[in-house]
Amino acid sequence: MPEAIASALILAGVTLGLTAGLGLQQFPDVFARMHAATKPATLGLVLVLAGAAIVIDNRGDVAKLLLVIVLQFVTAPVGAHMVGRAAYRAGTELSPLTSVDELAEHHRRGEGRPRT
């Protein structure tokens, strides 16, 4: 039974990873792609590692998998945020589908570096 649960988790994780890859190809701008590169990919990795942790007997290896999950949750949002800010400041065009541009008001007020 644990193998079936692990298989289901790994399959769900792989599906989310595939979804993230498709999102990277299909989304219209860097900001939407940034979303696809972080959220489903992170959750997919967590599901794959959780599935692996179920079938692994060695506690040291499970601890390493947990460390990978923690590091993924710490680094992925920060990296995506920095990529998004850099792209915005570089003047990357927003998709016409974008309805909210919170940084535009910030830059109109003269806070932060102006867009070039």
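In which helix does threonine 42 lie? Threonine 42 belongs to helix H2, which spans residues 30-55. The model described here is predicted. Helix H1 covers residues 2-26, and helix H3 covers residues 59-89. The structure holds one aromatic pair, and the count of salt bridges likewise comes to one. The points below follow individual residues of these helices, their burial and their partners.

**Threonine 42 and threonine 38 in helix H2**

- Threonine 42 has a relative accessible area of 7% and is therefore buried, the limit for that class being under 20%.
- The side chain of threonine 42 makes a polar contact of 3.3 Å with the side chain of glutamine 72.
- Not counting residues up to four places away in sequence, threonine 42 touches Gln72, Phe73 and Ala76. Glutamine 72 thus appears both as a polar partner and in the list of residues touched.
- Threonine 38 is also found in helix H2, and with a relative accessible area of 15% this residue is buried.
- For threonine 38, the side chain reaches a backbone atom: the oxygen of methionine 34, at 3.1 Å.
- With residues up to four places away in sequence left out, threonine 38 touches Ala76 and Ala80. Ala76 is therefore a neighbour of threonine 38 as well as of threonine 42.

**The aromatic pair**

- Which two residues supply the rings of the aromatic pair? The rings are those of phenylalanine 31 and tyrosine 88, with centres 6.4 Å apart and planes at 65 degrees.
- The pair is classed as edge-to-face because the angle of 65 degrees lies over the limit of 60.
- Phenylalanine 31 lies in helix H2 and tyrosine 88 in helix H3, so the pair ties together parts that are 57 residues apart in sequence.
- Both partners are buried: phenylalanine 31 has a relative accessible area of 18%, and tyrosine 88 has one of 3%.

**The salt bridge in helix H3**

- Aspartate 61 forms a salt bridge with lysine 64, and their closest N and O atoms are 3.9 Å apart.
- Both residues lie in helix H3, where a spacing of three residues corresponds to about one turn of the helix.
- Are the partners buried or exposed? Aspartate 61 counts as partly exposed, at 32% relative accessibility, whereas lysine 64 counts as exposed, at 54%.

**Alanines of helix H1 and their partners**

- Alanine 20 lies in helix H1 and is buried, with a relative accessible area of 4%.
- The C-alpha atoms of alanine 20 and proline 40 are 5.6 Å apart in space, although the two residues are 20 residues apart in sequence.
- Proline 40 is one of the residues that alanine 20 touches, together with Ala36 and Ala41, when residues up to four places away in sequence are not counted.
- Alanine 6 lies in helix H1 as well, and at 3% relative accessibility alanine 6 counts as buried.
- Between alanine 6 and leucine 49, the C-alpha separation is 9.2 Å, and the two residues are 43 residues apart in sequence.
- Leaving aside neighbours within four places in sequence, alanine 6 is in contact with Gly51, Ile54 and Val55.

**Exposed residues and the surface patch**

- Met1, Ile5, Ile54 and Val55 form a nonpolar patch on the surface, and together they have about 380 Å² of accessible area. Among them, Ile54 and Val55 are also in contact with the buried alanine 6.
- Methionine 1 is found in the segment before helix H1. With a relative accessible area of 71%, methionine 1 is exposed, since that class requires over 50%.
- Lysine 39 lies in helix H2 and counts as exposed at 56% relative accessibility.
- How many Å separate the C-alpha atoms of lysine 39 and serine 7? The separation is 21 Å, and these residues are 32 residues apart along the chain.

Methods. Residues numbered from 1 in each chain as written. Predicted model: local features only at pLDDT ≥ 70, side-chain atom pairs only at ≥ 80, totals over all residues. Heavy atoms only, no water. Helix = DSSP H or I, 4+ residues; strand = E, 2+ residues; numbered from the N terminus. Buried < 20%, exposed > 50% of the residue type's maximum accessible area, 1.4 Å probe, protein only. Polar contact = N/O pair within 3.5 Å; in protein donor to acceptor, adjacent residues only side chain to side chain. Contact = heavy atoms within 4.5 Å. Patch = residues over 30% accessible without salt bridge, like charges linked within 9 Å, V, L, I, M, F, W, Y side chains within 5 Å. Areas by Shrake-Rupley, 256 points an atom, 1.4 Å probe, with all protein chains shown as cover. Salt bridge = Lys/Arg side-chain N within 4 Å of Asp/Glu carboxyl O. Phe/Tyr/Trp six-rings, centres within 6.5 Å; stacked < 30°, edge-to-face > 60°.
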